[in-house]
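Good morning, everyone. I would like to walk through one structure with you, going from the surface to the interior and then to the charged pairs.

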Amino acid sequence: MGEFILRHKPELRDPYMVVGFGGWPNAGEVGTATVTYLRDRLSADKFAEITPEEFYDFSFVRPFMVVEDGLVRALRFADNEFYFWKNPTGEHDLILLVGFEPQLRWGRYLSFLLQVVQQWGVKRVYSVGGVYDRVPHTKDPPVSAVVNYARLKQELAPLGISWTNYQGPSSFHSTLLMACRERRLEMASIWGHVPFYVQAVKNPKVCHAVLTRLAPLLGLSLDLSDLKKAGEHMEESLSRLLGQNEEMRRYVERFEAEYDAQQQAGPPPRSAPATNRIIREIEEFLRKEQRRQGDGSATE
């Protein structure tokens, strides 16, 4: 059975909670990477976790294994870990949850999450996610939101956040939104829009776009220049690839023209979607770039 394990009980002042889930609502790893960035940047401390046993199909969300020279070193299952950070200058401390969207028993998982909300008197919840969209990688990534109280729109709108219109299958974010509303707790779900042809890699440019909106909502003043630089490097890498591949370059140029027309005069006729082959080639190129940087051979 899954359990909520409390490592220790920090004393927190009117905390806000920020949640990022891996899985379906995590295009470009925007949800998990954004909250992990906050965790690492703020040196937040782990204080609790939800064990994974009853919430996942492990034939789909497989454990991560580390083997070195034939010797097993580690086996790690899907994590759902809570961290806290005390804000020395602001009104609200932070609770961060980095997890993986539950596949099974959403109600029980939700009860554990709401236990933290209630026990520490959380004042507002933010969830963060990523969606694939028809936006070129050369443009500023759109950021949209869903809120559970209309009054939140007045606070988010000046930050350049648009509003989602959607009907269809929902993620755990939606379940949490409704559960918070039932408890008269404000919540906003903030989404970074990731170019649909840049998949299977972390997207720092979109994470930067989300954090520039989220940080002031949390009362944080953060230097995000490292994320901005990583996003610029990714864009330069893609531009270099397009310079080497005429078909891809023409495709993205048509896509940019379509996007600009849509911004100015409403939706034009939609062009054909990218082929799977183009997406695969871009993914493989970016993976090689990331491995090259990991080996220390990337230039600044």
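Before the first residue, one definition: a residue counts as buried under 20% relative accessible area, as exposed over 50%, and as partly exposed in between. Please also keep in mind that this is a predicted model.

With that cut-off in hand, consider Phe77, which has a relative accessible area of 36% and is therefore partly exposed. Phe77 sits in the loop between S5 and strand S6, the latter covering residues 81–85. Which residues join Phe77 in a nonpolar surface patch? The partners are Met65, Val67, Val72 and Leu75, and together with Phe77 they make a patch of about 460 Å². Two elements contribute two or more residues each to this patch, namely strand S4 (64–68) and strand S5 (71–76).

Staying with these two strands, the loop between S4 and S5 holds Asp69, a residue with a positive phi of about 55° although it is not a glycine. Asp69 has a relative accessible area of 84%, so it is classed as exposed. The side chains of Arg73 and Glu68 meet in a salt bridge, with 3.3 Å from N to O; of this pair, Arg73 is exposed at 54% relative accessible area, while Glu68 is partly exposed at 44%.

A second positive phi in a residue other than glycine belongs to Arg184, where the angle is near 60°. Arg184 is placed in the loop between helix H4 (172–182) and S11, and with a relative accessible area of 74% it too falls in the exposed class.

Let me turn now to the empty space. How many cavities of 30 Å³ or more does a search of the whole structure find? The search returns two, and the largest cavity has a volume of about 90 Å³. Its lining consists of 15 residues, of which His137, Pro195, Asn203, Lys205 and Val206 are the closest to the centre. Strand S11 (186–195), helix H5 (204–217) and helix H6 (225–244) are the elements that give two or more residues to this lining, and H6 provides the largest share, with four residues. Sorted by class, the lining of the largest cavity comprises seven nonpolar, four polar and four charged residues.

The second largest pocket, for its part, has a volume of about 630 Å³. It is lined by 23 residues, and those closest to its centre are Val131, Val146, Thr164, Tyr166 and Trp191. Two or more lining residues come from each of strand S8 (124–133), strand S9 (143–147), strand S10 (162–163), H4 and S11. Are charged residues present or absent in the lining of this second largest pocket? They are absent, since the lining divides into 12 nonpolar, 11 polar and no charged residues.

Between S11 and H5 there is a loop that contains Val198. At 2% relative accessibility, Val198 counts as buried, because the limit for that class is 20%. Val198 also makes a long-range approach: Gly28 is 170 residues away in sequence, yet the two C-alpha atoms are 7.9 Å apart in space.

Finally, the charged pairs, of which the search finds 21 salt bridges over the whole structure. In one of them Arg108 pairs with Glu54, the closest N and O atoms being 2.5 Å apart. This pair links distant parts of the chain, for Arg108 belongs to helix H2 (residues 106–119) and Glu54 to the loop between strand S3 (45–50) and S4, 54 residues apart. Arg108 is partly exposed at 33% relative accessibility, whereas Glu54, at 6%, counts as buried.

Another salt bridge joins Arg124 and Glu155, with 3.1 Å between the closest N and O atoms. Here too the link is between distant parts of the chain, Arg124 lying in strand S8 and Glu155 in helix H3 (residues 151–156), 31 residues apart. Which partner is buried and which is partly exposed? Arg124 is buried, at 7% relative accessibility, and Glu155 is partly exposed, at 35%. Beyond such pairs, Arg7, Lys46, Glu49 and Glu81 are joined into one network by salt bridges that share partners.

Technical notes: Residues are numbered from 1 along each chain as its sequence is written. This is a predicted model: local features need pLDDT of at least 70, side-chain atom pairs count only at pLDDT 80 or more; totals for chains, interfaces and linings use all residues. Side-chain values use heavy atoms; hydrogens and water are left out. Patches are made of residues with over 30% relative accessible area and no salt bridge: like charges are joined within 9 Å, nonpolar side chains (Val, Leu, Ile, Met, Phe, Trp, Tyr) within 5 Å. Accessible areas come from the Shrake-Rupley method with a 1.4 Å probe; for residues, only the protein chains shown count as cover. A salt bridge is a side-chain nitrogen of Lys or Arg within 4 Å of a carboxyl oxygen of Asp or Glu. Buried means under 20% relative accessible area, exposed over 50%, partly exposed in between (1.4 Å probe, protein chains only). On a 1 Å grid over the protein atoms alone, a cavity is a set of points where a 1.4 Å probe fits but cannot get out, and a pocket is an open set with protein on both sides within 12 Å along at least five of seven lines; lining residues have an atom within 4 Å of a point. Grid points are joined across faces, edges and corners, and a volume is the space filled by probe spheres set on the points. Ala, Val, Leu, Ile, Met, Phe, Trp, Tyr, Cys and Pro count as nonpolar, Asp, Glu, Lys and Arg as charged, and the others, Gly among them, as polar.
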